[in-house]
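Let's take a walk through this structure together, moving from the whole chain down to single residues. Keep the 3D view open beside the text as you read.

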Amino acid sequence: MQDDILRLAYEVSRITEEKVDRIDRVMKQTGMLAINARLEAARAGEAGRAFSVVAQELGALANSISGIGGELRSAITSNIASLRTAGSQMLVDFKGTRHTDLARSAVEIIDRNLYERSCDVRWWATDSSVVDALENPVMATIDHATERLATILRSYTVYLDLWVADREGRVIATGRPDRYPEAIGHDVSRTDWFRAAMGTKSGDDFRVCDITTSPTLGDAQVATYATAVRAGGKTRGEPIGALGIFFDWAPQAQAVLDGIGLSPAERASSRLMLLDAGHRIIAASDGQGICTEVYPLQPDQRDSGYYLRDGKLVAFAVTPGYETYRGLGWLGCIESDMQDE
């Protein structure tokens, strides 16, 4: 609709200019005829006096019509300019609102997905095999925990691995020891996820870390969820270790970006992104700058909105969270080209 209005404005402007130009040409010709007629009347002397008066009036009429044509051109030009401005702003507002909604939808889908991850880590931390491996870390209990974690991974394909670390931060069991052999015995005591997990107050708590690249997991991008494993699997039990679960971030995030409802033409002129709270790019439709580039977003203390910058429309929305998961302040963001609109 907005495109139709702009196209109509341009067409009205073109036709108006064309018709007024034709009026000007006709009036110039009429003016020249009036001048020639006056010259001929002057040569005719007394016999041409009456014709001279008519020629003079014809010249005045031509000038008057030319003046009206100029006024029409000025008025039409002014109104067409206003219509173009209004139509362009309408297009910006329509596209900006729509892209803001799409950005919000993308980050909401991510948070709904990650909410489930927060449920998973709290549930699996109470699994008897995990608790037994930490309370009595012998070969039999560790093998049982490894088998149990592997069973979970076969059902939950969104994870790269699950790690059980003792209270000193040494990984004693994983779900994929064959795929990631370096994980066993790995010291995670200084990692954010382990320290945060050991600092949880109860089994109802969990911690999630921003997207990182894990060398131990094949340099994959992971979202790590963690909580303490507690004595007896009890909610208020003493922490005896930690469970860390590593969400396979890249394919899940890409699937969300691919699902954003843009036409092929819109997608070709847009960059779709997910940003963390510091505006670091954690997913992008062009695959560029992930976990390395900070996007120059200008939210101006808004939770959502849009603005123009250097011929591009930037639309964004901060996660509202999902149920008990408050989110990490991540954002959906769409940067699109407006120059050809």
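What follows is a guided tour in a few stops, with the overall picture at the start.

Please bear in mind that you are looking at a predicted model. The chain has 341 residues, and 44% of them count as buried. Its secondary structure amounts to 7 helices and 11 strands. How do distant parts of the sequence contribute to the contacts? Among contacts with a separation of 6 or more, 59% join residues that are 24 or more positions apart.

Let's begin with a pair of helices. Helix H3 covers residues 128–135 and helix H4 covers residues 139–155; the two pack with their axes 8 Å apart, at an angle of about 150°. Because an angle over 145 degrees counts as roughly antiparallel, H3 is described as roughly antiparallel to H4. Their crossing is left-handed. If you would like to display the contact, select Ser129, Val130, Asp132 and Ala133 on the H3 side. On the H4 side, pick Thr141, Ile142, His144, Ala145, Arg148 and Leu149. Sorted by character, the residues of this contact comprise 5 nonpolar, 3 polar and 2 charged.

Now move along the chain to a sheet. It is an open sheet of 5 strands, paired in the antiparallel sense, and its order reads E8-E7-E11-E10-E9. Which strands form the edges? They are strand E8 (281–284) and E9, each of which pairs on one side only. On average, neighbouring strands in this sheet are turned by 20° against each other, with direction ignored. Helix H6, made of residues 249–258, packs on the sheet and touches strand E7 (270–275) as well as E8. The direction of H6 makes about 55° with that of E8.

Within this sheet, strand E10 deserves a stop of its own. E10 spans residues 312–318, and it is largely enclosed by the rest of the structure because 5 of its 7 residues are buried. E10 pairs with strand E9 (residues 304–309) in the antiparallel sense over 6 bridges. To find your place in that pairing, look for Tyr307, whose bridge partner in E10 is Val314. E10 also pairs with strand E11 (residues 331–337), again in the antiparallel sense, over 7 bridges. Here a handy landmark is Ala315, which stands opposite Ile334 in E11.

The link between E9 and E10 is worth a look too. These two strands form a hairpin with 2 residues between them. Asp310 sits in the turn and has a positive phi of about 55°. Why might that catch your eye? Most residues other than glycine have a negative phi. Asp310 is also exposed, as its relative accessible area is 71%, and the cut-off for exposed is over 50%.

Asp300 offers a second example of a positive phi. Its value is about 50°, although Asp300 is not a glycine. You will find Asp300 in the loop between E8 and E9. Is Asp300 buried or exposed? With a relative accessibility of 59%, Asp300 counts as exposed.

Next, return to helix H6, where Ala255 lies. Ala255 has a relative accessible area of 47%, so it is partly exposed. Try drawing a distance to Ser285: the two residues are 30 apart in sequence, and their C-alpha atoms are 9.9 Å apart in space.

Our last stop is Ser202, in the loop between helix H5 (192–198) and strand E3 (207–208). Ser202 counts as buried because its relative accessibility is 4%, and buried means under 20%. Which residues does Ser202 touch, leaving aside those up to four places away in sequence? The partners are Thr227, Arg230, Thr235 and Arg236.

Definitions and conventions: Residues are numbered from 1 along each chain as its sequence is written. This is a predicted model: local features need pLDDT of at least 70, side-chain atom pairs count only at pLDDT 80 or more; totals for chains, interfaces and linings use all residues. Side-chain values use heavy atoms; hydrogens and water are left out. Axes are lines fitted to C-alpha atoms, for helices over the stretch in contact, and angles run from 0 to 180 degrees between N-to-C directions. Helices (H or I, at least four residues) and strands (E, at least two) are DSSP runs, numbered from the N terminus. Angles under 35 degrees count as roughly parallel, over 145 as roughly antiparallel, 65 to 115 as roughly perpendicular and the rest as oblique. A crossing is left-handed if the near helix is turned anticlockwise from the far one by less than a right angle, and right-handed if clockwise. Contact means heavy atoms within 4.5 Å. Ala, Val, Leu, Ile, Met, Phe, Trp, Tyr, Cys and Pro count as nonpolar, Asp, Glu, Lys and Arg as charged, and the others, Gly among them, as polar. Buried means under 20% relative accessible area, exposed over 50%, partly exposed in between (1.4 Å probe, protein chains only). Two strands pair if DSSP finds at least two bridges between them.
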